[in-house]
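Let's take a walk through this structure together, starting with the whole chain and ending with a few side chains. Have the viewer open as you read.

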Amino acid sequence: MMKAAVMGYGTIGSGVAEILEKNKEVVAKAAGQEISLKYVLDLREFPGSPVEDKLIHDFSVIEQDPEVQIVVEAMGGLNPAYPFVKACLLAGKHVATSNKALVAAYGTELLEIARKNHVNFFFEASVGGGIPIIRPLSTCLTGEKIQEITGILNGTTNFILTKMDKEGWSFDSALKEAQRLGYAEQNPEADVEGHDTCRKIAILMAIATGMEVNYEEIYTEGITRISDTDFQYAEKMGMSIKLVGCGKRKDDGMVSAYVLPLMISRDHPLYMVSDVYNGILVKGNMLGTTMYYGSGAGKLPTASAVVADMIEAAKHSKQNVSMGWCSRKQEIAPMGTNEFHYFIRISGQPEGMLPKLTAFGLREVISIDSQDEFAIISKKMSEAELKEEAAKAEGILKVIRIE
């Protein structure tokens with residue numbers, strides 16, 4: 001029998017406890033032994049809950065108990081998650097987490113500590129919730145050179161954009177509905193400004209390249225400036241707008257990585273990924289493109305991925321499983337070198353403005369029911385070139401990249 005502890009009895013932590021109890025036989029069969037929950041660490045009291053007799057408030061109890069072999073970190077954030085996880089690994093305990101902030105910020109160090117102490121630091125649930133993606137990259141696709149990973153990695157922003165796209169909601173209305181349903185926090189900045197997606201694409205590209213990817217070097221743009229008018233144009237063009245995280249290997253050894261609202265066409269695999277769902281495209285040099293789709297968040301889907309990590313730890317209780325990345329830094333290409341076609345909204349009438357916009361290439365001119373603006377689709381240009389020409393142009397209202 002393997003004894004376990006859960007740190008944090010919120011949405012994910014309570015989900016892990018529920019699965020360990022309800023799927024006890026399934027988990028035991030898969031792990032080769034029973035996994036029994038001994039402690040739940042939380043500052044709060046939970047009278048009448050299923051874990052009332054397991055509740056503790058002192059982390060040192062877990063750290064110093066030799067019976068506890070696997071610890072689940074479900075607290076979120078960096079403090080005290082980081083020092084607690086580090087202490088558990090140093091004490092020779094396996095750790096499973098869903099905390100993408102922790103993995104993105106300290107994954108390199110924690111993976112190295114796990115290796116040196118012959119335990120494991122697993123984080124399948126940190127990207128894509130219940131979607132298997134970390135382990136496929138670390139095991140099933142190890143014979144591939146991963147050339148590109150592109151994904152809708154945040155269910156909250158995808159829900160908001162879906163409401164705007166399919167039902168004509170404003171950003172503010174869609175955000176309030178996401179908060180009402182519990183998809184968005186009261187402070188939604190991490191989601192709507194793209195920070196959550198940024199951390200996730202950094203983790204995925206670190207696994208793909210085998211090197212540390214600093215999420216702070218990834219160009220990140222959120223969805224707060226996307227409007228219902230943008231979706232009116234997108235519909236007329238047969239497109240939608242999604243918040244996408246992308247990482248691509250370049251021929252010079254660098255990686256192009258960014259988080260952006262992108263216009264994508266109806267024939268793009270991510271076009272139909274709606275509501276709170278996530279979709280991830282992985283392109284290998286031999287296999288080609290594969291897609292991973294499912295619930296990107298939620299109590300039981302995410303907890304299911306955590307429990308799968310616990311089972312993996314139980315199956316390798318005496319050895320470190322080779323995964324993750326090394327401490328060598330992956331160089332990120334400057335955003336200015338990336339190339340796109342651009343959707344550009346412009347104030348005024350086409351007749352008077354188009355002669356001034358020839359530098360953009362003018363692949364297409366689009367109008368909607370508006371008396372004071374129109375839009376163009378540019379030729380393929382680098383970000384640096386677009387920025388230079390946009391600074392010289394008049395009347396630009398909005399620029400959105402096109403996939």
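What follows goes from overall shape to charges, and then to one helix and one threonine.

Keep in mind from the start that this is a predicted model. The protein chain holds 14 helices and 17 strands, so there is plenty of secondary structure to look at. How does its radius of gyration sit with that of a compact globule? For 403 residues a compact globule would come out near 22 Å, and the chain has 23 Å, which agrees. Along the principal axes, the C-alpha trace spans about 75 × 50 × 30 Å.

Now for what is inside and what is outside. Of the 403 residues, 55% count as buried. The accessible surface comes to about 17500 Å², and carbon and sulfur atoms account for 48% of that. If you look at contacts between residues at least 6 apart in sequence, 72% of them join residues at least 24 apart.

On to the charges. The chain carries 42 positive and 53 negative side chains, and the centres of these two sets lie 4 Å apart. The salt bridges number 25. Some of them pair sequence neighbours: Asp53 meets Lys54 with 3.8 Å from N to O, and Asp165 meets Lys166, also with 3.8 Å from N to O. In the 53–54 pair, Asp53 is exposed because its relative accessible area is 65%, over the 50% cut-off. Its partner Lys54 has 22% relative accessibility, so Lys54 counts as partly exposed. Lys166, at 48%, is likewise partly exposed.

Which residue does Lys398 bridge to? The partner is Asp230, and the closest N and O atoms are 2.6 Å apart. This pair ties together distant parts of the chain: Lys398 sits in strand β17 (residues 396–402) and Asp230 in helix α11 (residues 228–236), 168 residues apart. Are these two residues buried or exposed? Buried means under 20% relative accessible area. Lys398 counts as buried because its relative accessibility is 7%, and Asp230 is buried too, with a relative accessible area of 0%.

Salt bridges can also join up into a group here. Lys3, Lys38, Asp65 and Glu67 are linked in a network of them.

Next, find helix α4, which covers residues 81–90. Why can this helix be called largely enclosed by the rest of the structure? Seven of its 10 residues are buried, so the surrounding structure covers most of it. The buried ones are Ala81, Tyr82, Phe84, Val85, Ala87, Cys88 and Leu89. Once you have traced the helix, carry on to Gly92, which follows α4 and has a positive phi, near 80 degrees.

The last stop is Thr197, in helix α10 (residues 195–209). Its relative accessible area is 0%, so Thr197 counts as buried. What does this threonine touch, leaving out residues up to four places away in sequence? Its contacts are Leu153, Asn154, Leu243, Val244, Gly245 and Val259. Try displaying those residues around Thr197 to see the setting of this side chain in the model.

Note on methods:
Residues are numbered from 1 along each chain as its sequence is written. This is a predicted model: local features need pLDDT of at least 70, side-chain atom pairs count only at pLDDT 80 or more; totals for chains, interfaces and linings use all residues. Side-chain values use heavy atoms; hydrogens and water are left out. Helices (H or I, at least four residues) and strands (E, at least two) are DSSP runs, numbered from the N terminus. The radius of gyration is taken over C-alpha atoms; the globule rule is 2.2 Å times the number of residues to the power 0.38. Buried means under 20% relative accessible area, exposed over 50%, partly exposed in between (1.4 Å probe, protein chains only). Contact means heavy atoms within 4.5 Å. Accessible areas come from the Shrake-Rupley method with a 1.4 Å probe; for residues, only the protein chains shown count as cover. Lys and Arg count as positive and Asp and Glu as negative; His and the chain ends are not counted. The place of a charge is taken as NZ of Lys, CZ of Arg, CG of Asp or CD of Glu. A salt bridge is a side-chain nitrogen of Lys or Arg within 4 Å of a carboxyl oxygen of Asp or Glu.
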